[in-house]
Amino acid sequence: MKAILITRKGGPEVLEMHQLPAPVPAAGEVLIRVAAAGLNRSDVYSRSSAVYGGASGLDIPGLEVSGHIEACGPEVVRWKKGDAVCALVTGGGYAEYVAVPEGQCLPVPNGMSLVEAAALPETIFTVWLNVFRTGKLQPGERLLVHGGTSGIGVTAIQMAKALGSPVYTTAGTDEKCRWCESLGAKKAVNYKTADFEEAFKEIGMDVILDMTGGDFTEKNIRLLRTDGRMIFINSMRGRKGVIDISEIMSKRLVVTGSMLKPRDTAFKTQLAAEVEKFVWPLVANGAVKPIIYTTFPLKQAGEAQQLMESGGHIGKILLQVN
Ligand SMILES: NC(=O)c1ccc[n+]([C@@H]2O[C@H](COP(=O)([O-])OP(=O)(O)OC[C@H]3O[C@@H](n4cnc5c(N)ncnc54)[C@H](OP(=O)(O)O)[C@@H]3O)[C@@H](O)[C@H]2O)c1
């Protein structure tokens, strides 16, 4: 099969297309003939950062795919050859075939194209886990999500709105802010030209999904209302921030965070079941849609990652494979 390898740590040029044997599905796994793969920030870190694993020259990036099931390993109960699925994978998505535990696959929602479905798993699983399961966002409670036009942001805006919560966001240009508001955010603030704390301090937030960290941390803590929850999923402005402990005590705040990629199959399978039960109906009725900025052919994975790093996109970037 054709697959993109991270041949060494570096820029987009280290992503090379190679011919490799297709994986063989183990017990409980299915082999997917990949139609499309979604890009995620983590793919860029896997390629460029020494802190992330994958320096062997044999790592295939990619955390989500869609496609048809080509073969089933022993003990697979739900799926059969030919089923159309999308799946959360733990690497290996930038390839013509990938083997994945059957519990990490979900059916392609009715009326959605196979390619579009590749835009769903990573962001929906992440938002469900952090905003709804951990953050316990309730209808009517306010959510602030930074990075409103990121793959995560566009999903969080739609899911929170669909489940009855007003959503607020930040983004780096006025155009991106207006776009977030057209998607359903109550208000978006351009963090490069305005102070989001000033903009939101009158109303306060119940839950904050934060990918920024750094200097935004103390502002986030001040913005949280009593019993508020802050969940970190990255720290793009810096890993260190100032936290006023008295704010945490007096408002009984919960400050936590998570990383989805290293979680085990049992955890991801359980999460997939929750997503299918609680979020898939929102996708089926059109309340949560894949927001696709553009699609590249698999061989242009480097260009696709370059676009992601430039920040020029809104929503998801996909690789079309088969
Ligand atoms: N922990 C987990 O399990 C998990 C899972 C999935 C994703 N994530 C994280 O979630 C984030 C979004 O992922 P994605 O794949 O959707 O990426 P993406 O589409 O590339 O989005 C990155 C976002 O970060 C914002 N951003 C970048 N630098 C910033 C800065 N200095 N200050 C404020 N905002 C900044 C960008 O906003 P502007 O362009 O408007 O500046 C953009 O909206 C990434 O940080 C990723 O690592 C974590």
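Reader: Why is K136 called partly exposed, rather than buried or exposed, in this predicted model?

Author: K136 has 13 other C-beta atoms within 10 Å. Exposed requires 12 or fewer, and buried requires 20 or more. The count of 13 lies in between, so K136 is partly exposed.

Reader: Where does K136 lie, and what makes its phi worth a remark?

Author: K136 sits in the loop between α3 and β8 (143–145). Its phi is positive, about 50 degrees, although K136 is not a glycine. Most residues other than glycine have a negative phi.

Reader: What about R252: why is this residue called exposed?

Author: R252 has 10 other C-beta atoms within 10 Å. The limit for exposed is 12 or fewer, so R252 meets it. R252 belongs to the loop between α8 (245–251) and β13 (254–257). Its phi is also positive, near 55 degrees, in a residue other than glycine.

Reader: How do you know that the ligand lies between domain 1 and domain 2?

Author: Look at the shell around the ligand. Domain 1 (2–120 + 290–320) gives residues to it, and so does domain 2 (123–257). Both contribute, so the ligand shell lies between them.

Reader: Which helices supply at least two residues of that shell?

Author: α1 (41–48), α3 (121–134) and α4 (151–162) each do. α4 gives the largest share, three residues.

Reader: Which residues come nearest to the ligand, and what classes make up the shell?

Author: G147, S150, G151, G172 and N234 come nearest, out of 27 residues around the ligand. By class, the shell has 14 polar, nine nonpolar and four charged residues. Gly counts as polar here.

Terms used: Residues numbered from 1 in each chain as written. Predicted model: local features only at pLDDT ≥ 70, side-chain atom pairs only at ≥ 80, totals over all residues. Near = placed C-beta within 6 Å. Helix = DSSP H or I, 4+ residues; strand = E, 2+ residues; numbered from the N terminus. Domains from an automatic or database assignment.
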